[in-house]
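Colleague: I am new to this structure and would like to go through it step by step. Please show it before we start.

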Amino acid sequence: MGKIIFYEDRNFQGRCHECSGDCADLHSYFSRCNSIKVESGSWMIYERPNYMGHQYFLKTGDYPDYQQWLGFSDTIKSCRALPQQRGAHKIKIYEKEEFRGQTIEFLEDCPSVFDKFNYHDIHSCNVLEGYWIFYEQPNYRGRQYLLKPGEYRRFSDWGSLNARVGSFRRVLETY
C-alpha cells in the first residue's frame, strides 16, 4: 500500500511510529504528532480515532511540522492509506441537496468553486470515478474532506457541518 512515519517532535525527532496500512487508533503509539514522513502512497490522517475529526490529505514527502499539512494542532489519532488511483476521475456537483439545482460535471481539479459556479456552496455531489478531496476554501486550503465513489445527498454525508466548498481536486496516483 504505502508507508508513513509519525514523529512526536518537529523535524522528525522523538518517538516515532511507522504504518503501512490503515490504523483506526494511533493513541498507544505516540501522544502527539509534530512531523510526518510519507515514504510512499497517499494518506488521510485524522485528528480523532476511527477516522473522525479534522482530516488531512498527505502525499509522498516530508512534513517537518504540523503546519506543513495545514494542521490545527499536533493531534493525530488515526490514518488511512488511499488506494492507487488509475484511470479517469469524474464528479458531478449540485447547488442543492438531493442532486437538485444547477449541476456541473468535472474531470479535472477546481481551484475555485465560485469562479466556476458563481456561488460558494455545494449541497450534494455524485462521485462517479476516482477519489476527490473537497477543501473549505479556494486554492486547496482549509478543512478537507475525502470523497470516495458514491452518492452524497447532502453535505453532512461527506462529514461537513456546512455546504461551504471553496475548491476540490482529484487524488492522483503517487506510488
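What follows is a set of questions and answers on this predicted model.

Colleague: At which residues does UniProt place the feature "domain: Beta/gamma crystallin 'Greek key'"?

Modeller: The positions come from an unreviewed UniProt entry. The feature is placed there at residues 2-40, 41-83, 89-129 and 130-172.

Colleague: How far apart are the end C-alpha atoms of residues 2-40, and how far apart are those of residues 130-172?

Modeller: Residues 2-40 are 0% helix and 51% strand, while residues 130-172 are 0% helix and 47% strand. The end C-alpha atoms are 5 Å apart for residues 2-40, and for residues 130-172 the value is 8 Å.

Colleague: Which strands pair with β4?

Modeller: Strand β4 covers residues 42-48, and six of its seven residues are buried. On one pairing, with residues 52-58, there are five antiparallel bridges, and that strand is β5. Residues 78-82 are also joined to β4 by five bridges and run antiparallel to it; that strand is β7.

Colleague: Which residue in β5 stands opposite I45, and which residue in β7 is the bridge partner of Y46?

Modeller: Take β5 before β7. I45 stands opposite Y56 in β5. In β7, the bridge partner of Y46 is S78.

Colleague: Which residue in the turn between β4 and β5 has a positive phi?

Modeller: β4 and β5 form a hairpin, with three residues between them. The turn residue with a positive phi, about 60°, is N50.

Colleague: Which residues touch the most other members of the largest nonpolar core?

Modeller: This core has 20 residues. Elements giving two or more residues to it include β8 (90-96), α1 (113-117) and β10 (124-129). Apart from it lies another core, of 19 residues, among them I4, Y63, C79 and A81. In the largest core, the residues touching the most other members are I91, I93, I122, C125, F134, W158 and F168.

Colleague: Which aromatic residues do ring pairs link into a cluster?

Modeller: The structure holds eleven aromatic pairs. F134 and F168 are in contact with I93, and both also belong to the cluster. The cluster consists of F106, W132, F134, Y152, W158 and F168.

Colleague: Over the face of which ring does K37 lie, and over which does R169 lie?

Modeller: K37 is placed at 4.8 Å from its ring centre, and R169 at 4.1 Å from its own. The ring under K37 belongs to F12, and the ring under R169 belongs to Y140.

How values were computed: Residues numbered from 1 in each chain as written. Predicted model: local features only at pLDDT ≥ 70, side-chain atom pairs only at ≥ 80, totals over all residues. Heavy atoms only, no water. UniProt positions renumbered as here; feature names shortened; annotations may be inferred. Helix = DSSP H or I, 4+ residues; strand = E, 2+ residues; numbered from the N terminus. Phe/Tyr/Trp six-rings, centres within 6.5 Å; stacked < 30°, edge-to-face > 60°. Lys NZ or Arg CZ within 6 Å of the ring centre and 35° of its normal. Core = buried A, V, L, I, M, F, W, Y, C linked by side-chain atoms within 4.5 Å. Buried < 20%, exposed > 50% of the residue type's maximum accessible area, 1.4 Å probe, protein only. Contact = heavy atoms within 4.5 Å. Pairing = 2+ DSSP bridges. Lists of a residue's contacts leave out its neighbours within four places in sequence.
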